[in-house]
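Please look over the fold and the metal sites of this protein chain. A short report is wanted, in plain terms.

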Amino acid sequence: MIDLHTHTTFSDGTDTPTELVNKALASGISVLAITDHDSISGWNEATAALRPGLSLVPGAEISCQTADGVSVHVLGLLFDPNHQELMNTLEKTRDNRIGRMEKIITRINEAGIDISMSDVLEQLSEGATLGRPHLADALVKKGVVASRDEAFSKMLHNNSKYYVSHYSPSPELAIELIKQAGGVAVIAHPMASHRGRVISDETFGSIINAGLDGIEIDHRDHNPDEKKALINLAKSFDLVMTGASDYHGNGKLNILGEYTTNPEQWEKLESKANKRRVITA
Ligand code: AMP
Ligand code: ZN
Ligand code: FE
Ligand code: FE
């Protein structure tokens, strides 16, 4: 089984890279991508934990914003971690998330709810990318809500009055940088409509022009009609079709390996990287 989209404690997942690698081996996964939000910090630990039977695809899920203001996620896989401009872009996003979190907290405080930055940082593992899930966990701890899910549906969703965005590159820039770094770019869950506005046809056209390699189609946030539309799009533009769990440990209901990528599609995707960068034990 091939699962090309997972998170660890280096972003908003709840399993360490070591735990994730062990679970992947136990679940019969043979190819696992680690794609923390705007970070490659989990790669080393995951590499050290590898054992025969599991290959690691180094990656990151890059938070992007389109020209028309839609939040989209681009999965960068198999890129060179020494590409300075790509690394600087990820770092800028991570840094910007701190001021952004302070602004969200201020808005929540103004509504009379007591929560502080230190409550949120308590929920964050060392070196992890800060995100709304950590604020959700702090709100659960304070007893404001019962779960991450409830925090998102009542307070932290993209259309909430508390919502503040952070610096994000355009998806076109993210794709260009991933490609310059020799990697491959896959648009993550492009039709996940329950999270807010989704990508327009214009943006789809422009990210395909920018060099998009694949579309994540089999994902729990897509319904059968959305999958059909995406399959048609992928076929018309000869894009790789992927499936993945977007596993977050206990942070979300998604089960490791619940959606997977077909081996032929994976082979096609891997062949588009400029070098073999899959890591084995
Ligand atoms: P941020 O990166 O701070 O904008 O937070 C977005 C992240 O929150 C997404 O990438 C998901 O990992 C997570 N998320 C979004 N909706 C939910 C939800 N309903 N329950 C748990 N996590 C969520
Ligand atoms: Zn996440
Ligand atoms: Fe995502
Ligand atoms: Fe994700």
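The report below goes from the whole chain to its strands and then to its metal ions.

## The chain as a whole

This is a predicted model. The chain has 10 helices and seven strands. Its radius of gyration is 18 Å, close to the 19 Å that the globule rule gives for 281 residues, so the chain is as compact as a globular protein of that length. Along the principal axes, the C-alpha atoms fill a box of roughly 55 × 45 × 40 Å.

Of the 281 residues, 54% count as buried. The exposed surface of the chain comes to about 12000 Å². Carbon and sulfur atoms supply 48% of that area. Contacts reach far along the sequence: among those between residues at least 6 apart, 71% join residues at least 24 apart.

## Strand β4 and its partners

Strand β4 covers residues 71–77. Six of its seven residues are buried, so β4 is largely enclosed by the rest of the structure.

Strand β4 pairs with β3 (residues 55–65) in the antiparallel sense, over seven bridges. One bridge links Gln65 to Ser71 of β4. The two strands form a hairpin with five residues between them. Gly69, in this hairpin, takes a positive phi near 80°.

Strand β4 also pairs with β5 (residues 184–188). That pairing is antiparallel too, with five bridges. Here Leu75 has Val186 of β5 as its bridge partner.

## Two metal sites

Which protein atoms hold the zinc ion (ligand 2) and the iron ion (ligand 4)? The table lists the donors.

| Metal ion | Protein donors | Donor distance | Spacing in sequence |
|---|---|---|---|
| Zinc ion (ligand 2) | Asp12 (OD), Asp12 (OD), His37 (NE2), His248 (NE2) | 2.0 to 2.5 Å | D-x24-H-x210-H |
| Iron ion (ligand 4) | His5 (NE2), His7 (NE2), Glu61 (OE), Asp246 (OD) | 2.1 to 2.2 Å | H-x1-H-x53-E-x184-D |

Take the zinc ion (ligand 2) first. Asp12 appears twice among its donors, each time through OD. His37 and His248 each give NE2. His37 lies in strand β2 (residues 31–37), and His248 in the loop between β7 (240–243) and α10 (263–270), so this pair ties together parts that are 211 residues apart in sequence. Both His37 and His248 are buried.

Now the iron ion (ligand 4). What arrangement do its four donor atoms take? They subtend angles of 77 to 164°, which makes the arrangement irregular. The donors His5 and Glu61 link distant parts of the chain, 56 residues apart. His5 sits in the loop between β1 (2–3) and α1 (17–26), while Glu61 belongs to strand β3.

Are these two donors buried or exposed? His5 has a relative accessible area of 0%, so it is buried. Glu61 has 1%, so it is buried as well. The cut-off for buried is under 20%.

## How the metal ions are spaced

How far is the zinc ion (ligand 2) from the iron ion (ligand 4)? The separation is 4.4 Å. Another iron ion (ligand 3) lies 5.7 Å from the zinc ion (ligand 2).

## Putting it together

Strand β3 has two roles in this picture. It pairs with β4 over seven bridges, and it carries Glu61, a donor to the iron ion (ligand 4). The loop between β7 and α10 holds His248, a donor to the zinc ion (ligand 2).

Technical notes
Residues numbered from 1 in each chain as written. Chains lettered and ligands numbered in written order. Predicted model: local features only at pLDDT ≥ 70, side-chain atom pairs only at ≥ 80, totals over all residues. Heavy atoms only, no water. Buried < 20%, exposed > 50% of the residue type's maximum accessible area, 1.4 Å probe, protein only. Helix = DSSP H or I, 4+ residues; strand = E, 2+ residues; numbered from the N terminus. Pairing = 2+ DSSP bridges. Donors = N, O, S within 2.8 Å, 3.2 Å for Na, K, Ca; no water. Tetrahedral: all angles 85-135°; square planar, octahedral: opposite > 155°, others 65-115°. Rg over C-alpha atoms; globule rule 2.2 N^0.38 Å. Contact = heavy atoms within 4.5 Å. Areas by Shrake-Rupley, 256 points an atom, 1.4 Å probe, with all protein chains shown as cover.
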